[in-house]
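Trainee: I would like to learn how to read a structure that is new to me. Please take the features one at a time.

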Amino acid sequence: MTRSDGYLLDNRQKEAGERFDAFTTLFDPTTFRHLEGLGVGPGWRCWEVGAGGTSVVSWLAEKVGPAGQVVATDIDTSRLTAAARPPVEIRVHDVGAEEPPGEGFDLVHARLVLVHVPDRERALRSMIQALRPGGRLLVEDADPALQPLTCPDEYGPEQRLANRLRQGFRALLADRGADLSYGRRLPRLLRQAGLHDVEADAYFPVTSPACTALEAATVRQIRDRLLSAGLATDAEIDQHLANVESGTMDLTTAPMISAWGRKG
């Protein structure tokens with residue numbers, strides 16, 4: 001394969017909605033716990049980077065209230081229109097290529113975004129630049145290389161097939177510039193950028209209905225890419241989807257590492 005530009009998982013594909021629903025179920029509790037810990041409240045100005053869906057945007061809007069502001073940005077805002085009412089402002093924006101959509105933010109947050117951004121170093125600088133002194137940054141990103149399997153308990157042919165297809169998915173991501181070991185570096189990168197009080201933790205679901213739904217939607221979404229790259233056959237994908245839909249497999253996703261800090 002040759003390296004190409006473009007996000008592998010198009011927000012406009014029908015499976016994207018299923019993936020966002022799964023992400024909401026899997027990761028919102030962790031995200032909201034961290035945002036609560038950072039003290040988000042009335043009057044805060046927040047920038048939600050690469051928002052994708054509406055769940056975090058709507059939660060922030062409720063917390064900051066009419067005196068606050070939530071700027072939600074993405075390269076594709078098609079799934080954000082339902083949240084486009086005060087205090088939410090929706091903007092088409094590429095965090096890795098454009099200047100920040102404002103300054104003096106109390107909070108900047110990105111979830112499962114920077115791992116996919118080719119110029120993630122510039123993106124991180126932009127996010128920190130947009131903070132006011134004392135403002136908080138929360139970056140949450142996957143680390144697929146830290147735990148590369150979809151079935152950690154690989155005890156049979158179904159699990160071996162699942163893990164081989166996951167390897168194909170990771171190869172497609174890497175081909176498009178994704179950094180599959182980015183999550184683990186977040187604490188160090190935040191410290192090197194000059195942030196204070198840097199902390200981090202990780203969330204790693206082992207099995208759940210949301211993990212199963214995410215796996216099925218992802219494989220359907222990238223099916224043509226797997227085939228064209230020679231990473232799987234139609235029969236293998238059909239068999240894997242049938243195995244997944246049986247509900248008998250313990251499926252997981254990459255650990256999500258959350259790191260946060262304060263601008264001096």
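Mentor: We will go through the sheet, the helices that pack on it, two helix contacts and the cavities. Keep in mind that this is a predicted model.

Trainee: Let us begin with the sheet. In what order do the strands of the open sheet lie?

Mentor: Strand order is read across the sheet, not along the chain. Here the open sheet has seven strands in the order E3-E2-E1-E4-E5-E7-E6, and the pairing is mixed.

Trainee: Which are the edge strands?

Mentor: An edge strand pairs on one side only, and in this sheet that applies to strand E3 (88–92) and strand E6 (196–203). On average, and ignoring direction, neighbouring strands are turned by 15° against each other.

Trainee: How many bridges join strand E4 to strand E5?

Mentor: Strand E4 (residues 105–111) and strand E5 (residues 131–142) run parallel and are joined by six bridges. To find your place in this pair, start from phenylalanine 105, which stands opposite leucine 131 in E5.

Trainee: Which strands does helix H3 touch?

Mentor: Helix H3 (residues 120–129) packs on the sheet and touches E1, E4 and E5. The direction of H3 makes about 145° with that of E5.

Trainee: And which strands does helix H2 lie across?

Mentor: Helix H2 (residues 55–64) lies across strand E1 (45–49), strand E2 (69–74), E3 and E4. Relative to E2, helix H2 runs at about 165°.

Trainee: Now the helix contacts. At what angle do the axes of H4 and H6 cross?

Mentor: For a pair of helices, look at the distance between axes, then the angle, then the residues. The axes of helix H4 (residues 157–175) and helix H6 (residues 209–228) come within 11 Å and cross at roughly 65°. The crossing of H4 past H6 is left-handed. From H4, the contact uses Leu165, Arg166, Gly168, Phe169 and Leu172, while H6 brings Glu215, Thr218, Ile222, Arg225 and Leu226. By type, the residues of this contact are five nonpolar, two polar and three charged.

Trainee: How far apart are the axes of H4 and H7?

Mentor: The axes of H4 and helix H7 (residues 234–245) are 10 Å apart, and the two helices pack at an angle of about 120°. H4 passes H7 in a left-handed crossing. The H4 side of the contact consists of Glu158, Leu161, Ala162, Arg164 and Leu165, and the H7 side of Glu236, Gln239, His240 and Asn243. The residues of the contact of H4 with H7 divide into three nonpolar, three polar and three charged.

Trainee: How many cavities of 30 Å³ or more does a search of the whole structure find?

Mentor: The search finds two. For each cavity, read the volume and then the lining. The largest has a volume of about 50 Å³.

Trainee: Which residues line the largest cavity?

Mentor: Its lining is Leu165, Arg166, Phe169, Glu215, Thr218, Val219, Ile222 and Leu226. H4 and H6 each supply at least two of these residues, and the largest share, five residues, comes from H6. Sorted by type, the lining is five nonpolar, one polar and two charged.

Trainee: What lines the second largest cavity?

Mentor: The second largest cavity holds about 40 Å³ of space. Lining it are Cys151, Asp153, Tyr155, Gln159, Thr248, Met249 and Asp250, which divide into three nonpolar, two polar and two charged.

Notes:
Residues numbered from 1 in each chain as written. Predicted model: local features only at pLDDT ≥ 70, side-chain atom pairs only at ≥ 80, totals over all residues. Heavy atoms only, no water. Axes fitted to C-alpha atoms, helices over the stretch in contact; angles between N-to-C directions. Helix = DSSP H or I, 4+ residues; strand = E, 2+ residues; numbered from the N terminus. Left-handed = near helix turned anticlockwise from the far one by under 90°. Contact = heavy atoms within 4.5 Å. Nonpolar A, V, L, I, M, F, W, Y, C, P; charged D, E, K, R; others polar. Pairing = 2+ DSSP bridges. 1 Å grid on protein atoms, 1.4 Å probe; cavity = no way out; pocket = protein on both sides within 12 Å on 5 of 7 lines; lining within 4 Å. Points joined across faces, edges and corners; volume = space filled by probe spheres on them.
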